[in-house]
Amino acid sequence: MKTPTTAWLTLALAIPIGASAQTSATPDASPQIQQLRQELDALRAAYETRLQALEARLQSAEQQARRAAPNDDAPAVPAAPAAPDAANAFNPAVSLILSGLYAGSSRDPASYRLPGFELPTGAAIGPGSRGLSLTESELGLSANIDPWWRGAAHIALHPDDSMSVEEAFVQTTSLGDGLTFKGGRFYSGIGYLNSQHAHSWDFADNPLAYQAFLGTQYGDDGVQLQWLAPTEQFLQLGAELGRGRGFPGDDSSRNGAGMSALTAHTGGDLGDSHNWRAGLSVLNARASQQALSLAPALGDPVGAKFSGSTRVWVLDGVWKWAPNGNATRTHFKLQGEYLRSTRSGELSIASDSDRMHTIQSGWYLQGIYQFMPRWRLGLRTEALNAGSPDYGVNTPVLAGSGHAPRKHSLMLDYSPSEFSRLRLQLAEDRARIGSADHQLLLQYQMSLGAHGAHGY
Amino acid sequence: MKLSKKIIGLITVATACIALPAHAALKVFACEPEWGALTQELGGNLVEVSVATTALQDPHQIQARPSLLARTRSADLLVCTGAELEAGWLPVLLQQSGNARIQPGQGGNFAAADFVRKLDVPARLDRAQGDVHAAGNPHIQTDPRNIALVAQALAARLQQVDPAHAGDYAARLADFSHRWNQALARWNTQAAPLRGMAVVSQHKAYAYLYDWLGIREVAVLEPKPGVEPSAAHLQQVLTTLKGTPARMTVFSAYQDPRAADWLSKNAGVPAVRIAFTVGGTDGAKDLFGLFDDTLERLLKPGSRP
């Protein structure tokens, strides 16, 4: 070990000379001395760097040694977190989302309907129950499985003490060529909002169009292949096959796929301050003897069974702005989606069975503005169009009213840190026929544990 | 099956439409400007560097936006800080990139913080302490000695992922190290008056800079890392400064100057905006300029009696 010794010696010699040279800095020192001093300084700097390298190596060697001998009773170094127990070191990243809500509304949520839209019985629409309630707590686990796979699960704990698996999938990490394969249960990649978990939504609830056409959010058991084009311009294509587990599918047992979807998204930057993404997706689902609840213009909901196919087109766009791309102080996000659902097949009410053909659509547009650090203001406007449904002989029973559900929501949220958020949301909901329903929602959302990364 | 035919058709058409660019250069995706600049120094025309963030953006808070995803897709090498600085956005890019070369643990994934001694490693991990980084303070680029260490490791990594040009990288490293050591000697001499100086920081971002220059941090404007300065906390800083006066408040180009300006007005402590990384100020055009400019800015109020 000659090098360190030499280094120390040189350093020991260099420091006093350098120091005295600095203190006695005479302006007219001869150029030779100046040159000598510069060379010496360079030498000193070089050794300083090398010493630091040695120090870093020594530190990592020490850490390794500590890890190799966990039973060593050497005094613990408090500054460095102790090497985790080997068995637990491979534990997945754990995160928990806690959230709760106060909901108040001028009309009874129990009578909430989307007139003119066929929804599965027991669909989760509207503002839910009034008063204080715990909302979904979401437990997330994720880790690399091996050099080829990664796995993640999101378990939802519902306030009624039940539990559901929101997502549980494995995903490749090493296919290359821009390909990623996913298998298991996951939220479909259609649209913009669909693949996002509830805690990353900008409003407390999902848009009406998602409630009417995608059973609030479409998740399925299946496989997904995504491909990212090797171009400067972002272009991502995806294809999915699934069981058709949720509405508009019906979870029937069949050998083939109950759901198929194709997605295409593109996007990019416009200077440093703006960026955008837009996409077009289509989802096909099959249903057989699907239990539906129809809300005619007058009277109580009617139970019915639907067998046939559904196709939902989703057009989505999002544009974000932040001065110089620095979103810390202020930023703005504009987002909108248009959904169009076509259902055709057979509808049976009691013993009457005839064709059903409907073309329905819906859209929402929302803007979120962070006007100062931690505070955001949002506005959302949305509408549904039931079209002119054809129910064959059942048409008179189900005659629509031509009512078009509409809703406006105003949101204000405050985030003390990136792990907590408090939200106030006011809505004027004209989904039902009659007077508007005025809703007030107060919500908290907190995240514990692993620092989740956010999608676009 | 109809659908799978459709998919294959779609992919074939898409692939056919895209003329694959015939770049021989190694594609490098740098998370922050300093690593982009360093890679450019060490790779010259052998590399094609694309930088994900600018000096005017907070590297903690970047969106995993489409353009970044498109760039990670074709990157041969990722050069980032690591130490959880990019925890909020890089994992998403990596998961969706479909690029096996740059996944953690692969040769194409380079984290600069792995190669330096880290400061501010928290003894206790608790978010009640703010946005703390378990691995230690990630802002390692503020000490030029760290740049030298990272340069060594990065050159080795460039040689590993692009062995055909190993000799070129070695020669460029030797040249860079020579120039860097000379500059370092110059900076050490220049910065001598700063030793022992007391300062206030906006964010706990300068631990390495202070460690290098022997500067004392007497207060931080953010009550906890990542938490915006509050009026109550600023009053507290004011009280602290009465007992231990500071020469200046240091803040970075991307940060809101209002808290530092407030202190300047109420305590007479000048606010000094430093580049923090390449491109943060007009003078910080490259890595050498970054430290020239930083020292110049610190010395201006720092040299007053």
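**Exercise 1.** In this predicted model, state which residues of α8(B) are buried, and decide how they are arranged around the helix axis.

*Solution.* Step 1: apply the cut-off for burial, under 20% relative accessible area. B:His233, B:Leu234, B:Val237, B:Leu238 and B:Leu241 of α8(B) are buried.

Step 2: look down the axis of α8(B). The buried residues fall within an arc of 150 degrees, so they line one face of the helix.

Step 3: recall the helix geometry. With 3.6 residues a turn, residues three or four places apart in an α-helix point the same way.

Step 4: turn to the face directed away from the buried side of α8(B). This face carries the exposed residues B:Ala232, B:Gln236, B:Thr239, B:Lys242 and B:Gly243.

**Exercise 2.** Check the length of α8(B) against its expected span.

*Solution.* Step 1: at 1.5 Å a residue, the 13 residues of α8(B) should span 18 Å.

Step 2: the end C-alpha atoms of α8(B) are 19 Å apart, which agrees.

**Exercise 3.** Describe the sheet of chain B and place α8(B) relative to the sheet.

*Solution.* Step 1: in chain B, 4 strands with parallel pairing make up an open sheet, ordered β6-β5-β7-β8. Its edge strands, β6 (216-220) and β8 (271-274), each pair on one side only. From one strand to the next, the twist averages 35 degrees.

Step 2: take one pair. β5 (198-201) and β7 (248-252) of chain B are joined in the parallel sense over 3 bridges. The partner of B:Val199 in β7(B) is B:Met248.

Step 3: add the helix. α8 (231-243) of chain B packs on the sheet and touches β5 and β6, with its direction at about 145 degrees to that of β6(B).

Step 4: return to the buried residues of α8(B), which pack against β5, β6 and α9 (258-267) of chain B.

Methods. Residues are numbered from 1 along each chain as its sequence is written. Chains are lettered from A and ligands numbered from 1 in the order in which they are written. This is a predicted model: local features need pLDDT of at least 70, side-chain atom pairs count only at pLDDT 80 or more; totals for chains, interfaces and linings use all residues. Side-chain values use heavy atoms; hydrogens and water are left out. Two strands pair if DSSP finds at least two bridges between them. Helices (H or I, at least four residues) and strands (E, at least two) are DSSP runs, numbered from the N terminus. Axes are lines fitted to C-alpha atoms, for helices over the stretch in contact, and angles run from 0 to 180 degrees between N-to-C directions. Contact means heavy atoms within 4.5 Å. The expected span of a helix is 1.5 Å times one less than its number of residues. Buried means under 20% relative accessible area, exposed over 50%, partly exposed in between (1.4 Å probe, protein chains only). The arc is that of the directions from the helix axis to the C-beta atoms.
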